[in-house]
Amino acid sequence: MRLKKKFYIFTFLLAFLLIGCGGYYFYNQNNNQQQKTSQDISPDKYFKLKRGNLIIGIRQAGFINSKKKHKLAFEPHISTKLLWIIDENSKVKSGDILAKFEAESLNETIDDLKINIDNLEKELAIALEEKKILVSTNKSSIKEAMDKVTEASDSFRKYRKFERKKQRDSLTLAVSTAESNYEDAQENYEDKVQEIEEESSTDADTLEENEDELEELLQKRDDAKNTWKNSQLDLKVFKRYTHPNKMTTLQNSLDQAKLQLNKVKIQTASQVLQKRKSINNLQIRLRKYKEKLKKYLGYIEKMQLYSPVDGVVIYGDPDRRWGNPEIKLGMDIRRKQVLLTIPDMSELIVEFDLPEQYRSKVRLNDKVVVSPESLPGVRVNGRLSKISQLPVNQIHWDRNSPKIYKSQVALNRQNKRLVSGMSVQLEVITEILRNTLFIPIESVREEGGKFFVYKRSGFKAIRQSITIGKANDNFVQVLSGLQEGDIVYLYKPFQKKSE
């Protein structure tokens with residue numbers, strides 16, 4: 001009885017053990033099958049079709065940029081060197097000093113200008129006094145020349161109106177007097193001859209006395225005749241030579257006086273003009289030096305760069321892709337050279353190069369989704385706000401490089417996490433296919449111009465012909481051949497199995 005009881009107990013335990021082992025085996029088989037099935041539909045191997053919105057567009061790389069930038073450059077038109085500059089990416093406040101430049105040569109130039117201005121002012125004062133003296137001297141010279149003209153004119157008028165007539169009348173009177181004297185002497189001589197002829201005296205003394213008296217009267221007559229001829233000659237000489245020569249001499253004297261007056265006027269006017277020109281040149285030079293001094297004094301405050309706004313400082317000009325010099329202390333600075341830029345973070349845009357082959361696929365105001373590379377999960381919406389009218393070479397000096405259109409994206413809303421210079425990926429949305437079937441591009445195969453996929457059927461893979469529609473960079477629209485819920489392979493299953 002006891003053996004029979006032990007046999008039943010042993011049989012029961014054995015059966016319980018067998019049932020437990022069987023249950024554990026079937027549980028493991030079921031669990032492995034579930035794990036295998038779960039592994040088979042993992043997203044890196046399969047894709048399950050479902051309806052949804054397929055976004056058609058293009059993807060491009062771009063970068064965040066500020067629409068407005070405060071570019072700080074050295075403005076003075078002088079040569080200098082960089083003494084100090086703030087560290088790049090430093091946060092600054094409005095009015096902070098950003099850079100300092102060497103100003104020693106500028107101060108020397110200002111001192112030289114002040115000395116030149118002082119010397120020119122002294123020269124100008126002397127020139128003005130010399131002008132006053134010259135004007136006074138010129139007046140005296142002109143008055144003296146005018147007095148000589150007046151004197152020559154008076155002499156000419158006096159001779160012509162008075163002295164000429166007086167001399168002529170005097171000579172005419174002398175001729176008349178000499179003629180009358182000659183006539184008287186002739187008459188006396190004739191009377192004496194008649195008287196002697198009437199006398200009959202033969203006395204020798206009387207005869208001798210008469211002859212002497214007659215000879216004396218003849219001599220007086222001859223002298224009177226000569227005097228008369230000489231007076232006539234004097235009158236003739238006066239009329240023909242003396243008077244014309246005197247008139248000519250006086251007229252020449254008057255003309256010379258007038259010429260001398262004009263000469264003095266011209267000389268004095270030329271001297272005054274030269275002095276005025278000299279003064280004008282001094283005034284022009286003085287004005288230029290003062291303007292230059294004012295300009296250079298204005299440069300003093302520009303020998304330091306100040307921040308116009310609050311922001312973050314970056315070196316160089318971010319809009320200039322090539323040619324930005326290395327910013328370092330002691331470097332030579334040229335005018336209008338942009339050293340620092342403070343982007344205005346309140347209005348950011350996205351800039352990118354649109355390849356020429358995509359130009360016909362996009363339009364202004366197309367929706368754009370911006371995805372910063374350094375901020376996973378952040379997506380910012382915008383619109384295509386600018387496309388250049390003409391294409392340019394991607395490498396500006398290489399004409400064989402691809403053509404691109406410089407383009408911009410305006411953000412619908414500003415995001416504080418975005419900063420200027422950040423690299424982003426852009427998806428320009430040109431069309432949205434709503435409630436359509438689509439599959440990944442890598443699942444589609446092509447053979448002989450026809451498309452097919454490997455579709456999962458149970459635990460097998462079968463080849464399925466499909467008709468495709470539009471596509472983007474990742475997915476393609478399925479027009480026929482597949483239904484919602486179908487699972488397609490993302491690889492060639494036969495090759496995978498053989499491997």
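# Charges and rings in a predicted model

Arg59 is partly exposed, with a relative accessible area of 39%. This model is predicted. Arg59 is a good place to start, for its side chain has a partner. That partner is Glu427, and the two side chains meet in a salt bridge, with N and O 3.5 Å apart. Glu427 has a relative accessibility of 10%, so it counts as buried. The cut-off for buried is under 20%.

Now find both residues along the chain. Arg59 belongs to strand S2, residues 51–66. Glu427 belongs to strand S17, residues 423–440. The two are 368 residues apart, so this salt bridge links distant parts of the chain. 

Side chains of opposite charge can pair when their charged atoms come close. A search of the whole structure finds 22 salt bridges. Take Asp332 and Lys81 next. Their closest N and O atoms are 2.4 Å apart. Asp332 sits in strand S10, residues 332–333, and Lys81 in strand S4, so their salt bridge ties together parts that are 251 residues apart in sequence. Asp332 is exposed, because its relative accessible area is 54%. Lys81 is partly exposed, at 39%.

Not every partner has to be far away in sequence. Look at Lys143 and Asp147 in helix H2. They are four residues apart, which means about one helical turn separates them. Their side chains form a salt bridge, 3.4 Å from N to O. Lys143 counts as exposed, with 53% relative accessibility. Asp147 has 40% and counts as partly exposed.

Salt bridges can also join up. Lys69, Lys71, Asp317 and Asp319 are linked in a network of them.

Stay with charge, but move along helix H2. This helix covers residues 104–198, and Glu190 lies in it. Glu190 is one of the residues that form a negative surface patch. The other members are Glu179, Glu183, Asp184, Glu187, Asp191, Glu195, Glu197, Glu198 and Glu199. Is Glu190 buried, exposed or partly exposed? Its relative accessible area is 43%, so Glu190 is partly exposed.

Next come the rings. The structure holds nine aromatic pairs. One of them joins Phe74 and Phe101. Their ring centres lie 4.7 Å apart. Their planes stand at 55°, so the pair is tilted. Where do the two residues sit in the chain? Phe74 is in the loop between strand S3 (69–73) and strand S4 (80–85). Phe101 is in strand S6, residues 97–101. The pair links distant parts of the chain, 27 residues apart. Phe74 and Phe101 are both buried.

A second pair brings us back to helix H2. The rings of Tyr182 and Trp228 have their centres 5.5 Å apart. Why does this pair count as stacked? The planes are at 25°, and the cut-off for stacked is under 30 degrees. Tyr182 lies in helix H2 and Trp228 in helix H3, residues 204–300. The pair therefore ties together parts that are 46 residues apart in sequence. Tyr182 counts as buried, because its relative accessibility is 17%.

Rings can form groups as well. Tyr46, Tyr489 and Tyr491 are linked into a cluster by ring pairs.

Technical notes
Residues numbered from 1 in each chain as written. Predicted model: local features only at pLDDT ≥ 70, side-chain atom pairs only at ≥ 80, totals over all residues. Heavy atoms only, no water. Patch = residues over 30% accessible without salt bridge, like charges linked within 9 Å, V, L, I, M, F, W, Y side chains within 5 Å. Areas by Shrake-Rupley, 256 points an atom, 1.4 Å probe, with all protein chains shown as cover. Salt bridge = Lys/Arg side-chain N within 4 Å of Asp/Glu carboxyl O. Lys, Arg positive; Asp, Glu negative; His and termini not counted. Charge placed at Lys NZ, Arg CZ, Asp CG, Glu CD. Buried < 20%, exposed > 50% of the residue type's maximum accessible area, 1.4 Å probe, protein only. Phe/Tyr/Trp six-rings, centres within 6.5 Å; stacked < 30°, edge-to-face > 60°.
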